There are 2 protein chains.
Amino acid sequence: MTTSDPLLPLRWLEPPGGPAIELLDQTRLPAEETFLTCTDVPQLVDAIARLTVRGAPLLGVAGAYGVALAAARGDDVPAAAAAISTARPTAVNLRWGTDLALRAWRAAAGHDGPVPGPKAGAQAALAQARAIADQDAAASAAMAAHGLGLVPTGARILTHCNTGALVSAGEGTAFAVILAAHRAGRLARLWVDETRPLLQGARLTAWEARRAGIPHTLLADSAAAGLMASGQVDLVLTGADRIAADGSVANKVGTYGLAVLARRHGVPFVVVAPMSTVDPRTPDGPSIEVEFRADEEVSCLAGQAVAPAGTSVWNPAFDVTPAALITAIVTERGLVQPVTPGNLRDLGGSTDSVAGPQSASYVER
Amino acid sequence: MTTSDPLLPLRWLEPPGGPAIELLDQTRLPAEETFLTCTDVPQLVDAIARLTVRGAPLLGVAGAYGVALAAARGDDVPAAAAAISTARPTAVNLRWGTDLALRAWRAAAGHDGPVPGPKAGAQAALAQARAIADQDAAASAAMAAHGLGLVPTGARILTHCNTGALVSAGEGTAFAVILAAHRAGRLARLWVDETRPLLQGARLTAWEARRAGIPHTLLADSAAAGLMASGQVDLVLTGADRIAADGSVANKVGTYGLAVLARRHGVPFVVVAPMSTVDPRTPDGPSIEVEFRADEEVSCLAGQAVAPAGTSVWNPAFDVTPAALITAIVTERGLVQPVTPGNLRDLGGSTDSVAGPQSASYVER
């Protein structure tokens, strides 16, 4: 079922259908391809919290479109931006995209108050959201090109969670590199961690890999250790939800364990993320706020209890991998290798791009 | 719902209800406590393969009772023993218990042929099965006593899979140590890995912990890395399915990754297993045959597909942890610490016990 139809996880709808944001409901995949239309910001915030829309880069896009939606409706735009920004705490892109659109709205509306901005403000917020989406697609292509250089011929790549077109306005982050390797004939096999508790690997990455015709094999997360020990992994590629100034990477829970195992087995461990994921205001790994999610994500599956009722659960959505365990970070601007604060800063400092963490709207807040 | 009712995962039924083996159906826990009665060996072999009955020590007991069942029925006892022995390949206890009972039957029946033995043979096989069960209960108590010395006051212990009364004629292996620590007031918290794919931690260990009134918290397997990094684990305790002569331990998939992480974080990693788990005929880790199980264990959950139909899966039931990562092995005869071939051999060589791997029936075959 290889298909080249582009995946559209998020679409802006103009009137008369809109203004609205249409989301591919990622919680229903792969069983159903259904769409959710958010006509106001509370609906969008709920969709973000429930992971209908998810993935660091796409959250940046969604946040910006959310501000555009509030502005188009004549809502209280700063209040809407605040609600969107805090819908999930770890992925810094969400706050980043929201802030950029809010800033564009403010500049065009000509005031900083909570009253509805004029039509120019709404247009500016929407234009900014579209610019972020375009930039994300371009960043995805650039990351794929830069990352391809790290993939040897015949590579057997292990990945965790979902980092493809479902998380991006382009082809994604780590998965974009995997796609590039596949197209270049370098990919022998993609190993897909199922990624408990929400099974984004089994549900989403396996689905994207099948769509793209990539040879792939699913495994339980805890089987990755034995797989590496058996010599069947040449490279680990993951995305990131936040990169601290010291190069520490917050990503889907389980990433840190993979990095430790990769180091033990001499397997390169590479993170692929746009510069919008780098947060210079977070100095180091311990400063990253890790989101904890509901017990039921672990204690129930497919609507059925898999643990005794009332069992207490420790359910962090993310963990933090120190820079020392990361072989390289692939960004749209090139590689950070080795991963040091200086190298990360050098790459960030060279930009005048809308997507850069050094852009005024990001740093000034 | 703390209860002191003993768990009976396996019972021998005499006529008129028997001869038969009654098994607590562990695949239905914790939702239902239902029992399966095996009146012949093919039913038992099927129950072993489907994990109705499971866990290394209990498989030894089940194998021996299976031989007793075949003998009581007048079946072809050697053929039955062969079928039972190979129902699952990794847990050496299954073969060990089966062989012991077969040997007892042969000695009492007075011949080595495939024809049914006399009543004395059936009685001898049953007596041997009962002796193995009794010995397992005693071994469990001895392991608990020896292992308790490794548990500091206020310990937060992480465990993987299920190692309690459900896998034993006693209180189990690692879980027996955990129970002893709880009774001694030393256990602050038990962290329970859910243990994908079959969720023996979520379904069975959480259920046993609740029954025993042990404070416990469930987590996704891949969250254990972040948990250790956060400094909330003082000790990792697991069971074993086979211990090679060099001290390598085959145990539930995910164990090896925990051992690597424990080493990184300076957390002791301790294996608890009866001597019947030690296989001197397996020289080292790479010689251990690892069982691969059906794709559907990973790609389906609670009867629902969680990956696209036809997704290929890598599903080893076990992995192998090298001796160098293991702080100590706790057996009924004491500790193997450090885990070296010599220390393991010394402990094994001192026995004249029915449960010893050096017993003639085990080594001679």
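This is a chat about the contact between two chains and the salt bridges in a predicted model.

Colleague: How many residues does each chain put into the contact?

Modeller: Chain B gives 49 residues and chain A gives 50. Remember that the model is predicted.

Colleague: What area do chain B and chain A bury between them?

Modeller: About 3,800 Å². Carbon and sulfur atoms carry 66% of that.

Colleague: And how many salt bridges cross the interface of chain B and chain A?

Modeller: The rule finds two. One of them joins A:Glu194 to B:Arg196. Their closest N and O atoms are 2.5 Å apart.

Colleague: How many residue pairs are in polar contact across that interface?

Modeller: There are 18, counting pairs with both residues at pLDDT 80 or more.

Colleague: Which elements of chain B give two or more residues to the side that touches chain A?

Modeller: On chain B they are strands β5 (187-193), β6 (216-219) and β14 (313-314), plus helices α7 (200-212), α8 (224-229) and α9 (255-264).

Colleague: How do the residues on that side of chain B divide?

Modeller: Into 29 nonpolar, 12 polar and eight charged.

Colleague: You listed β14. Which strand of chain A pairs with β14(B), and in what sense?

Modeller: Strand β6 of chain A, residues 216-219. The pairing is parallel, over two bridges. Within it, A:Leu218 stands opposite B:Val313.

Colleague: New topic. How many salt bridges does the structure hold over all chains?

Modeller: 30. One of them links A:Arg11 and A:Glu22, with the closest N and O atoms 3.1 Å apart. That pair links distant parts of the chain, A:Arg11 sitting in strand β1 and A:Glu22 in strand β2, 11 residues apart.

Colleague: Are A:Arg11 and A:Glu22 buried or exposed?

Modeller: A:Arg11 is partly exposed, at 37% relative accessible area. A:Glu22 is at 15%, so it counts as buried.

Colleague: What about B:Glu22 and B:Arg11?

Modeller: Their side chains meet in a salt bridge too, 3.1 Å from N to O. B:Glu22 lies in strand β2 of chain B and B:Arg11 in strand β1. B:Glu22 is buried at 14%, while B:Arg11 is partly exposed at 37%.

Colleague: Which residue does A:Asp46 bridge to?

Modeller: A:Arg50, at 2.9 Å between the closest N and O atoms. A:Asp46 is partly exposed, at 38% relative accessibility. A:Arg50 is partly exposed as well, at 42%.

Colleague: Last one. Which residues are linked in a network of salt bridges?

Modeller: A:Arg88, A:Glu291, A:Arg293 and A:Glu297 form such a network.

Definitions and conventions:
Residues numbered from 1 in each chain as written. Chains lettered and ligands numbered in written order. Predicted model: local features only at pLDDT ≥ 70, side-chain atom pairs only at ≥ 80, totals over all residues. Heavy atoms only, no water. Contact = heavy atoms within 4.5 Å. Buried area = accessible area lost by both parts, 1.4 Å probe. Salt bridge = Lys/Arg side-chain N within 4 Å of Asp/Glu carboxyl O. Polar contact = N/O pair within 3.5 Å; in protein donor to acceptor, adjacent residues only side chain to side chain. Helix = DSSP H or I, 4+ residues; strand = E, 2+ residues; numbered from the N terminus. Nonpolar A, V, L, I, M, F, W, Y, C, P; charged D, E, K, R; others polar. Pairing = 2+ DSSP bridges. Buried < 20%, exposed > 50% of the residue type's maximum accessible area, 1.4 Å probe, protein only.
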